[in-house]
Amino acid sequence: MKRVFDTIVSLVALVLLSPIIGITALLILKKIGSPVFFKQQRPGLLGKPFNVYKFRTMTDKRDEKGDLLPDDVRLTSFGKLVRKLSLDELPQLWNVLKGDMSFVGPRPLLMEYLPLYNEHQARRHEVRPGITGWAQVNGRNAISWEQKFDYDVWYVDNQSFWLDIKILLMTVIRVFKSEGINQTGQATMTKFTGTPSASDRGKERVK
């Protein structure tokens with residue numbers, strides 16, 4: 001039932017939202033430049049990699065050594081608006097239609113995080129990743145990685161069609177309120193570097 005819902009709604013949404021998608025693409029091309037889309041490999045169901053698509057919100061500005069500048073420097077004012085309205089997520093409707101993603105599920109993160117998850121956190125890959133999820137409607141980027149992963153695993157254990165509908169409705173409200181878009185003091189979410197084990201935290205307290 002979930003997959004049927006995803007297929008039908010993503011197809012209808014792509015058709016109905018095509019004018020908004022087209023206008024957004026043209027504005028990005030004009031204000032930020034080419035390419036319009038950001039493509040990156042992310043882990044999907046059971047950690048299997050796929051290419052996720054988003055609208056580009058940052059420039060490719062680099063320093064004199066050729067390294068990319070920090071996110072807060074490369075994120076343009078127009079890019080901030082695109083993120084605030086969640087327009088950057090619209091290309092992922094294609095990922096949903098293809099079956100790489102679902103409307104609701106844990107957000108697909110970076111491939112480099114896979115070996116950093118503990119056994120509990122890795123369970124977030126037991127379902128398809130989603131455009132939105134339980135963590136997104138309960139803090140999005142304003143909560144810690146550990147809280148986010150706990151919400152993801154809670155969803156895995158409690159998923160249902162009606163919970164998905166609830167999350168989708170809550171997502172619409174969060175988009176209009178523009179809540180939790182960025183982590184405090186950051187242009188984006190800071191990178192996940194792993195969760196210290198209980199023994200490691202004990203050693204830190206001793207020090």
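Helix 6 and helix 7 pack at an angle of about 140°. Their axes lie 10 Å apart. This is a predicted model. On the helix 6 side of the contact stand W154, Y155 and N158. They meet L163, D164 and I167 of helix 7. By class, the contact has four nonpolar residues, one polar residue and one charged residue.

A second helix pair sits at the start of the chain. Helix 1 spans residues 2-16, and helix 2 spans residues 18-31. Their angle is about 60°, with axes 4 Å apart. Angles from 65 to 115 degrees count as roughly perpendicular and those under 35 as roughly parallel. Helix 1 and helix 2 are therefore oblique to each other. In helix 1, the residues A13, L14, V15 and L16 make the contact. Their partners in helix 2 are S18, P19 and I21. This contact has six nonpolar residues, one polar residue and no charged residues.

The two pairs are set side by side here.

| Helix pair | Angle | Distance between axes |
|---|---|---|
| Helix 1 and helix 2 | about 60° | 4 Å |
| Helix 6 and helix 7 | about 140° | 10 Å |

An unreviewed UniProt entry carries the annotation "transmembrane region" for residues 7-29. In the model, that stretch is 96% helix and 0% strand. Its end C-alpha atoms are 29 Å apart.

Now the whole chain. The protein has eight helices and four strands. From the N terminus, the order is α-α-β-β-α-α-α-β-β-α-α-α. Of the 207 residues, 43% are buried. Among contacts with a separation of 6 or more, 69% join residues 24 or more positions apart.

Which residues have the most contacts inside the largest nonpolar core? They are F55, W134, Y155 and I167. The core holds 27 residues. Several elements supply at least two residues each, including helix 2, strand 2 (49-55), helix 4 (77-84) and helix 5 (92-98). Strand 3 (102-104), helix 6 (145-158) and helix 7 (161-177) do so too. Two of these core residues also appear in the packing of helix 6 with helix 7: Y155 on the helix 6 side and I167 on the helix 7 side.

F55 has a long list of partners beyond four places in sequence. Among them are I21, T24, A25 and I28. V36, F37 and F38 are also in contact with F55. So are L87, D88, L90 and P91. Another core, of eight residues, lies apart from the largest one. Its members include L110, Y113, F149 and F192.

Two single residues deserve a look. F78 lies in helix 4. Is F78 buried or exposed? Its relative accessible area is 14%, and buried means under 20%. F78 is therefore buried. Leaving aside neighbours within four places in sequence, F78 is in contact with L27, I28, K31 and I32. F78 and M58 are 20 residues apart in sequence, and their C-alpha atoms are 9.2 Å apart in space.

R107 is found in a loop, between strand 3 and strand 4 (130-132). R107 is buried too, with a relative accessible area of 10%. What does R107 touch, not counting residues up to four places away in sequence? Its partners include K54, E89, Q92 and M101. R124, P129, G130, I131 and Q136 complete the set.

Conventions
Residues numbered from 1 in each chain as written. Predicted model: local features only at pLDDT ≥ 70, side-chain atom pairs only at ≥ 80, totals over all residues. Heavy atoms only, no water. Axes fitted to C-alpha atoms, helices over the stretch in contact; angles between N-to-C directions. Parallel < 35°, antiparallel > 145°, perpendicular 65-115°, else oblique. Contact = heavy atoms within 4.5 Å. Nonpolar A, V, L, I, M, F, W, Y, C, P; charged D, E, K, R; others polar. UniProt positions renumbered as here; feature names shortened; annotations may be inferred. Core = buried A, V, L, I, M, F, W, Y, C linked by side-chain atoms within 4.5 Å. Buried < 20%, exposed > 50% of the residue type's maximum accessible area, 1.4 Å probe, protein only.
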